[in-house]
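Me: I'm new to this one and would like to know the reasons behind the labels. Can we go through them one at a time?

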Amino acid sequence: MSDRSQVWPEEMDSADRVRHVALTRTTPRNAGWIAEEADVSRDTAVKYLDRMADQGELEAIETADGTCYKPDEITHFLREVRSLAEEQSVDELTNELRAIGEELDSWKSTYNVESLEKLRQSIGREDLSADDRRERLEVIEEWEYNIQVREALQLAISLQSSLTRLDADLRLANRGSDTLPQEG
């Protein structure tokens, strides 16, 4: 185990530990590293990591360190959308969208740009100090993150709408054909 010794709860079996370590990484890691962090054998880690990759939870990539694993970005994004749709109301999601829009508008005004692309291009201006460039780079990173969150929020609203329609359709179908209008 690493020098950051992790104390795992008793109820977490080896599969849960491997899953936790693998899905909380931002940098691809090899099976040996994940095994050490999860306090399992390398073979056990490989078994669970390969299964997770087959199920689309992880992406296996070849690096100088051999096969490394990282969370699948699409799966992670779709889980986030589902979580937002299940845990927040349409009003809450809409308020978050409004706040993101206001923040983007504020940056457009502050940096006198019309888009993220224009802000990126402004980094090369000769009249900017190193601190100004760093600040703009940080804003670019936040702006990119806000775009991802905005997309997730928009999809969560659509998902809620679809699920509401589906639920209504299912309730109507379960009422029985005697309550539905009949074609003659």
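Reply: Sure. One cut-off to start with: exposed means over 50% relative accessible area, buried means under 20%, and partly exposed is in between. Keep in mind that this is a predicted model.

Me: Why is Arg-82 called exposed?

Reply: Its relative accessible area is 53%, and the label needs over 50%, so Arg-82 counts as exposed.

Me: And what makes Glu-86 count as exposed?

Reply: The reasoning runs along similar lines: Glu-86 has 52% relative accessibility, so it counts as exposed.

Me: How do you know that Glu-86 forms a salt bridge with Arg-82?

Reply: The rule asks for a side-chain nitrogen of Lys or Arg within 4 Å of a carboxyl oxygen of Asp or Glu. Here the closest N and O atoms are 2.7 Å apart, so Glu-86 and Arg-82 form a salt bridge. Both residues sit in helix α4, four residues apart, which is about one turn of the helix.

Me: How many salt bridges does this rule give?

Reply: Eight. Another of them joins the side chains of Glu-57 and Arg-79, at 3.5 Å from N to O. Glu-57 belongs to the loop between α3 and β2 while Arg-79 belongs to helix α4, so this pair ties together parts that are 22 residues apart in sequence.

Me: Is Glu-57 buried or exposed, and why?

Reply: Buried, because its relative accessibility is 8% and the limit is under 20%. Its partner Arg-79 has 45%, so that residue is partly exposed. Arg-19, Glu-57 and Arg-79 are also linked in a network of salt bridges.

Me: What makes Glu-144 and Arg-120 a salt bridge?

Reply: Their N to O distance is 2.1 Å, and the rule says within 4 Å, so the pair qualifies. Glu-144 lies in helix α7 and Arg-120 in helix α6, so the bridge ties together parts that are 24 residues apart in sequence. Glu-144, at 32% relative accessibility, counts as partly exposed, and so does Arg-120, at 39%.

Me: Which residues form the negative surface patch?

Reply: Glu-103, Asp-132, Glu-135, Glu-138, Glu-141 and Glu-142. Why negative? Because Asp and Glu count as negative. Helix α7 gives the most to this patch, with five residues.

Me: Why is Glu-135 called partly exposed?

Reply: Glu-135, which lies in helix α7, has 38% relative accessibility. Partly exposed is the range between 20% and 50%, so Glu-135 gets that label. Patch members need over 30% relative accessible area, and the 38% of Glu-135 fits that cut-off.

Notes
Residues numbered from 1 in each chain as written. Predicted model: local features only at pLDDT ≥ 70, side-chain atom pairs only at ≥ 80, totals over all residues. Heavy atoms only, no water. Patch = residues over 30% accessible without salt bridge, like charges linked within 9 Å, V, L, I, M, F, W, Y side chains within 5 Å. Areas by Shrake-Rupley, 256 points an atom, 1.4 Å probe, with all protein chains shown as cover. Charge placed at Lys NZ, Arg CZ, Asp CG, Glu CD. Helix = DSSP H or I, 4+ residues; strand = E, 2+ residues; numbered from the N terminus. Buried < 20%, exposed > 50% of the residue type's maximum accessible area, 1.4 Å probe, protein only.
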